[in-house]
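Work through the exercises below with the structure open beside you, and try each task before you read its solution.

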Number of protein chains: 2
Amino acid sequence: MIADLSQSDLEALGARVRADYDAFRARGLKLDMTRGKPAPEQLDLAEGMLALPGNRDHLTEANEDARNYGGVQGLAEVRAMFAPTLGVAPAQVIVGDNASLAMMHDAIVWALLKGVPGSAKPWSKEGEIAFLCPVPGYDRHFAICEEYGIRMIPVPMTGDGPDMAKVEELVRDPAVKGMWCVPKYSNPSAESYSDETVRRLASMKTAAPDFRLFWDNAYVLHHLTDDRREILNVVEACAEAGNPDRPFVFASTSKMTLAGAGLAFFASSEANVKWWIARASKRTIGPDKLNQLRHVRFLKDEAGLIAHMDKHRALLAPKFEAVTKALSDRLANQGAARWIKPAGGYFVSVDVTEGAASRVVQLAKEAGLLLTAAGATWPYGKDPNDSNLRLAPSYPSLKDVKAASEGIAICIQLAAIESEQAKRKSKAA
Amino acid sequence: MIADLSQSDLEALGARVRADYDAFRARGLKLDMTRGKPAPEQLDLAEGMLALPGNRDHLTEANEDARNYGGVQGLAEVRAMFAPTLGVAPAQVIVGDNASLAMMHDAIVWALLKGVPGSAKPWSKEGEIAFLCPVPGYDRHFAICEEYGIRMIPVPMTGDGPDMAKVEELVRDPAVKGMWCVPKYSNPSAESYSDETVRRLASMKTAAPDFRLFWDNAYVLHHLTDDRREILNVVEACAEAGNPDRPFVFASTSKMTLAGAGLAFFASSEANVKWWIARASKRTIGPDKLNQLRHVRFLKDEAGLIAHMDKHRALLAPKFEAVTKALSDRLANQGAARWIKPAGGYFVSVDVTEGAASRVVQLAKEAGLLLTAAGATWPYGKDPNDSNLRLAPSYPSLKDVKAASEGIAICIQLAAIESEQAKRKSKAA
C-alpha cells in the first residue's frame, strides 16, 4: 500500500514511476481507449451481410415484400428470433432501426408529450420529474435526461446492481418516474444485477404509478468468459409482482452484427407494446425491413446468433485480459485502484483514489493516450469523488491495448503517489 | 350537366348508370386504390441494391468505415449527391434513416420540447399552438399534429398552392408556429406552388418569430410528363427575404429507390442544421451509413438518380393516364366532379359534388373497390364539404387501375345522380 510506505520509500517509488512514465511518454504513442465500439475485425465477422439479402430475396416468411412500406412492429421472423434473448413472446417485441438509444430517446419523448400506460398526464405536465441513475453509468443515458431537463439522482452500484435500499427510498417520491439500468455486464462497471436486485426492482412500491425501468440490456449476449451470466427475466418478475408495465426492455445488434447498421429492439408488456406501436405509427410508415431480412439471412436463428457472439468473444477476451493483467501487474496491493475483471460487456471500470481520476486522464493525455473524460460516467459529467475511470479496450488492436494498459497503470500509480505526497505535505504544513 | 337534365332524362340516366354499377359490381373484383406506395415493378428497378454495397466495400470517400458507429450528419458523398435536388450546399444537408416522416415528427417533437432557433421557449410551453394545413393535404402530416395537440387550421389550395391572402392573415396570430407544405405535385392535388406563392411564404410577416415552413418536397423528382415542374428554391427565397431559418426542407428516396429502405433528408439554414445535429446527437450515435453507401453505389450520381426516376415515370404515367381517361370518358361536362391531370406526384385528387364523397366511397366498397376514406385529406379526417377523394393508382397493375378507374367514375356519376334526385325530391316536398 502506497499509503503505508515510509517517506523515503515513497520518494524512491515516486522517482521510479516518474521514470517509467517519462519512458512511456518518450515512445510517442497515439492510443485511444475512449471508444466503446467494435474493432474492424469484429465488423469483418459480419462482412457477409454487405451482399445480403441478395437479388430477388425480398419476401418475408409471411410472403410480404420487405422492400415496400409498412410493418411498424417488425418482421415476425426477426421478432421470433430475438424473443428468447429478450425474454418475451414475439408479440411483445418491436424491431426498430439501427439504434436502441433512439428507442430509449423516443420512449422518453413520448412519455414527456403523451405519458405512458398508467400516466395521469404527460410527464412534461407533471412539474419537475426525476430519474434514478446508477453510477458509474452510461453517459448517453444521462445526456438524454439532461437534454430534456429530467433531474438525475445518482445511486451507487454495489457489485450486485444498484443499492436497493436507496432505490426503494427514492422511489417514494412521485417525481421519480424512471430509472436507467444496464442490468448485465453494466456499462461501465461490468457487474450484473443479482436476482434479488431484479426482484426488488420489480416489486418495490413506487409513488409514481407510471414509473418505468429503462432496462438497457445492451450486453445481453456479450460474454467474455465461460461464466455466462444470466439475470432474472425482468418482464416476468414485474408481471409476477403485479407491475407488468414497469419494464421497458431495450437491446440491439449493434455490437453483434454491424455497429452502425444493426437492429434495435423494444420488448415489454402487451399494454406497453400497444402504446409503442400507436406512437411509432405517427412517426413512420415502418422500419427498414430489408435490414431485418439481412439479419435473418445472415444469423439464421438463435443458435447462429450465439455462435456469432462467440467469435466476438474470441477477439475481445484477450484485450480485456491485457487490461486487467497490466493493472494487476503494477497496481496489485497498492491501494491506488480497484477494478473487477469483467465477465462480459465492453468496459473496464477503474476506481482510483479520490480526486485522482482527472489527474490520471491528464497524465495519460500528455503521454499520447486518450482516456474517456473523468466524470463521464456520472450525471452531468460530474463525479463528486473524481475517482472513476472508464476504459474501452474493444477498438484498438491487442498490441495497442497492451501498450495503453501499461501506460494507464503507470499514470494511475503516479497519480496515487502524487496524491499521497501532497497529503503528507499538507499534513506537515 | 346532370343538374340541367329534365326529370325524365335524369331518371333514364340514373337507370343506365345504376345498371352499369350493378354490372361492375357483378364482376366481383377486389381492387385497392388507397395506397400511395410503389408497385413491385417499381421496386424491381432498384433490385440491384439488395446485394450492395457488396463484400469488402465499406469504406467511404473519407476512408471511414461505414459499418461502425458515428457520422450523425450523413456521408459527405451522399450529401453532395442530393444537395442539388434539395437546393442547398452539402453542409446544409442531414441524411436520416428510412423515413422523412420520422424527420418531420422529430422536428416537431424537438420544437415542442426544446424550441427551434429563434424560439423564446419550447413550443410546448407556449399554450395552444397551431399549424396551417393546406387542404386537401397529407393525412400523416395531420396525424402528427393531432398526436401532439397542435391545432390545425385548414387553408384552401388554389391551383398555385395555398391561398396566400388567407395564409398571410392567419400568420398574424403568434400561436401559428408552422405550416405543412407539399410544394411540388402536392399530395393529393398534384398542383405545384407558383414562384409568387413561394416568395410570399418566404417573405410574409409572421407574428411568431420562430415560425417554420415544413417543406415536404416528397415529389421533387417525381415527374409524370415532359412538363418537369420546377419550383422556386425556398431556402434561397427565405434567405433573401431575411428569414433564413424559416424553411425545414424534407425529402426522401422512399419513392426513388426502395419504399421501406430509402434515405430521408433534412435541408435548411446553417443554424437549423446545427440545431438538428445537436438534437439528433442525443438520440443516436449515427444513421445507417451502409444504406447510404448502398445508395451511392447504386445511383452513382445526380444524373443516375434522374435517369432512375425516368424509369419510374415510364411505369407510372400510363396508370395516371388510365385514371384521368376513365374520369373524362364518363364524367366530362357532367358537373359531377373536378380533377386535374397530374404532371407528377402519386395521387389524383377528385372533387365530387358537395356531400357525395362518402357516398362514392361506400358505393365503391360495395362493388369491391377500396378507396381512401372520405375526409382523409382534411385535418381530423373531417372534410366539411364531404367532397374530396384521393385516388392512388401507383400500386395496382395497369389492368387493375383501368378497371378501378372505370368503377370509380361510375360510382361518382351514380352518387351525383342520387344527389340530384334527392335535391329535386326535397324541393318538391
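The exercises that follow go from the two chains to sheets, helices and single residues.

This is a predicted model, in which local features need pLDDT of at least 70 and side-chain atom pairs count only at pLDDT 80 or more, while totals for chains, interfaces and linings use all residues. Residues are numbered from 1 along each chain as its sequence is written, chains are lettered from A and ligands numbered from 1 in the order in which they are written, and side-chain values use heavy atoms, with hydrogens and water left out.

**Exercise 1. The two chains**

Find the rotation and the shift that superpose chain A on chain B.

Solution. Begin with the general idea that two copies of a chain are related by a rotation about an axis and a shift along it. Here the rotation is 180° and the shift along the axis is 0.0 Å, with an RMSD of 0.1 Å, where the copies are superposed by least squares on the C-alpha atoms of residues with pLDDT of at least 70 in both. The two copies are thus related as by a two-fold rotation axis. Next, look for the C-alpha of chain A that is nearest this axis: it belongs to A:Ala51 and lies 2.0 Å from the axis. Finally, compare the contact residues (contact means heavy atoms within 4.5 Å): 100% of those of chain A recur in chain B, and the same surface serves both copies.

**Exercise 2. The sheet of seven strands**

Give the strand order of the seven-stranded open sheet of chain A, and say which strands stand at its edges.

Solution. The strands, which like the helices are DSSP runs numbered from the N terminus (strands E, at least two residues; helices H or I, at least four), have the order β2-β8-β7-β6-β5-β3-β4, with mixed pairing. Two strands pair if DSSP finds at least two bridges between them. At the edges stand β2 (93-95) and β4 (151-156) of chain A, each with a single partner strand, so one side of each is left without a neighbour in the sheet. From one strand to the next the twist averages 20°. Inside the sheet, β5 (176-181) and β6 (212-216) of chain A run parallel and are joined by four bridges, and A:Trp180 stands opposite A:Phe214 in β6(A). Helix α4(A) packs on the sheet, touching strands that include β2, β3 and β5 of chain A, and its direction makes about 155° with that of β7(A).

**Exercise 3. The sheet of three strands**

Describe the open sheet that contains β9, β10 and β12 of chain A.

Solution. The order is β9-β10-β12 and the pairing is antiparallel. Strands β9 (337-339) and β12 (388-391) of chain A stand at the edges, and each has a single partner strand, so one side of each is left without a neighbour in the sheet. The twist averages 25° from one strand to the next. Strand β10 (348-352) of chain A pairs with β12(A) over four bridges, and the bridge partner of A:Ser349 in β12(A) is A:Arg390.

**Exercise 4. Two helix pairs**

At what angle do α4 and α9 of chain A pack, and at what angle do the axes of α11 and α13 of chain B cross?

Solution. Axes are lines fitted to C-alpha atoms, for helices over the stretch in contact, and angles run from 0 to 180 degrees between N-to-C directions. Angles under 35 degrees count as roughly parallel, over 145 as roughly antiparallel, 65 to 115 as roughly perpendicular and the rest as oblique. Helices α4 (100-114) and α9 (270-283) of chain A pack at about 95°, with their axes 11 Å apart, and are therefore roughly perpendicular to each other. Among the residues that make this contact are A:Trp110 of α4(A) and A:Trp276 of α9(A). The axes of α11 (302-331) and α13 (398-428) of chain B come within 8 Å and cross at roughly 30°, and these helices are therefore roughly parallel to each other.

**Exercise 5. Single residues**

Which residues do the cis peptide bonds at A:Pro136 and B:Pro188 join to these prolines?

Solution. In chain A the cis bond joins A:Val135 and A:Pro136, with omega about -5°, and A:Pro136 lies in the loop between β3 and α5 (139-147) of chain A. In chain B the cis bond joins B:Asn187 and B:Pro188, with omega about 5°, and B:Pro188 is in the loop between β5 and α7 of chain B.
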